Amino acid sequence: MNVDTATGLRFVEVIASVGVVVSSLELLARPRLVDDASLMSWPVFRLRHPWFAGGASGAAIGRVLGFPRILGIVALRLVAALLLVALPTGGPVHVLLLGLVALGTSMLILRTTFGLDGADQLVLITFTTLALVAVHPSAVAARLGLWFIALQACLAYFTAGIYKVTSRTWWDGSALTGVLGTLSYGNRSLARWFDSHRRTALWCSRLFCASEAAFPLVLLCPAGWLPYFLVWGVVFHASCAIIMGLNDFVWAFVATYPAIAYVVLR
Amino acid sequence: MDVALGVLLGVWLVVSAVAQLEVIKPGVSRVRRLDLFSLVPQYNFFAPRPGTKDFHLMVRATTSSGEFGRWRELSPLPHRAWWNCLWNPARRPRKALFDLATTLAKESQAVSRTAVQVSVSYLVLLNHVSTAARLQAPARVQFLLAVSNGTCSTEPPRALFISHVHEVER
């Protein structure tokens, strides 16, 4: 069994687009999250760089990123992502739609990274790669794009895992209990349960860190092991969404799995 | 064209990998300073030291008598609902407050109390509280960042950073 490049790219695109639809709707449903008085205020964040703060470049960028115009960009990103799911691939319209999602995501990041997370970064990397491949849709470009997305995902898992494995607080389980104890990313019942079952917390934490760091082994193990790695990934991200509220990571990371499947099954 | 794309993606991947050393060797990736679009990712999610505290943004303003009123919390962190695994718009302001609080805490240790007032994180918070305080007339406002130890702790939140008093016109 193998995955052809067109199928691999299409699945990456569709899953990532669903994530973009959800995150765009979340912003449009609460426009005040990005207004001038918000914690993501453009009139203040533009002061962080001379290009944004004043002059012709500042005025031009401000016209695009200011409130409420930024909502127009988010809406455009939403429509482009919906069309990517609905329309067939190929042709200039496809390139344009991929470019709009990549550009819309980069505009949000350019505005401020405060309030954004790793899923936004991976979405930008994924759509920029897909757009580059779509501009020059050769067989080699498609293979390069899928390899690149797969390797970025493995780098992400390895980095997150290795920094946890080598962290004293993750290795003794206290970091896991600590994060779960927060209102921001936690779950009160689970935190209390882990707090009274320290040994279980310790081993859950070690298992969680080690499995994250070991994920890149998917590229080296026999192809028959692929489903186990991918099921682990889906369960891991679904758990983080349920327990920590990190819903955007599910789409951003699972979108890279067709690329990983292509690389493993090629 | 294939070669150009290969070189581009190859360089991007190598730069991304080197940039992950930033956590243990600050300054290793000078590219990040120029990377306004965050094309060079930072993948050390929740590691090596995850946030195990909650931040609370408090504000107080002077009343018509000129005296400061009580501290009140702006947008207290809501408890999450079951559907937040699918739909979670509150994660962005929550993460923004976390990013602002951690940045301001670092900046306040690195620069003087006067200089920190012109940092972007300070100005964002001041701008936010000045609007949220819903002042009816010119008044003075002050904000406070408090930190609590999470839901398992019985300790009360403690002050992490207290701003100067600022005159705000309406």
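Trainee: What radius of gyration does chain A have, and how does that fit a compact globule of 266 residues?

Mentor: Keep in mind that this is a predicted model. A compact globule with 266 residues would have a radius of gyration near 18 Å. The value for chain A agrees with that, at 20 Å.

Trainee: Which secondary structure does chain A have, and what share of its residues is buried?

Mentor: Happy to take both. Chain A comes to 15 helices and 0 strands. Of its 266 residues, the share that counts as buried is 58%.

Trainee: Which residue of chain A follows a cis peptide bond, and where is that residue placed?

Mentor: Good one to look up in the model. Most peptide bonds are trans. In chain A, a cis bond with omega of about 10 degrees joins Phe67 to a proline. That proline sits in the loop between helix H4 (55–65) and helix H5 (69–86), and is A:Pro68.

Trainee: Where in chain B is the proline of the cis bond from B:Ala47 placed?

Mentor: The bond from B:Ala47 to B:Pro48 has omega near 0 degrees. B:Pro48 lies in the loop between helix H2 (31–34) and strand E1 (54–61).

Trainee: Is B:Ser38 buried or exposed?

Mentor: Nice residue to pick, as B:Ser38 has a positive phi of about 55 degrees without being a glycine. Buried means under 20% relative accessible area. B:Ser38 has 13%, so the residue counts as buried.

Trainee: And what is the relative accessible area of B:Phe46?

Mentor: B:Phe46 is in the loop between H2 and E1 of chain B, with a positive phi of about 60 degrees. B:Phe46 is partly exposed, and its relative accessible area is 23%.

Conventions. Residues are numbered from 1 along each chain as its sequence is written. Chains are lettered from A and ligands numbered from 1 in the order in which they are written. This is a predicted model: local features need pLDDT of at least 70, side-chain atom pairs count only at pLDDT 80 or more; totals for chains, interfaces and linings use all residues. Side-chain values use heavy atoms; hydrogens and water are left out. Helices (H or I, at least four residues) and strands (E, at least two) are DSSP runs, numbered from the N terminus. The radius of gyration is taken over C-alpha atoms; the globule rule is 2.2 Å times the number of residues to the power 0.38. Buried means under 20% relative accessible area, exposed over 50%, partly exposed in between (1.4 Å probe, protein chains only).
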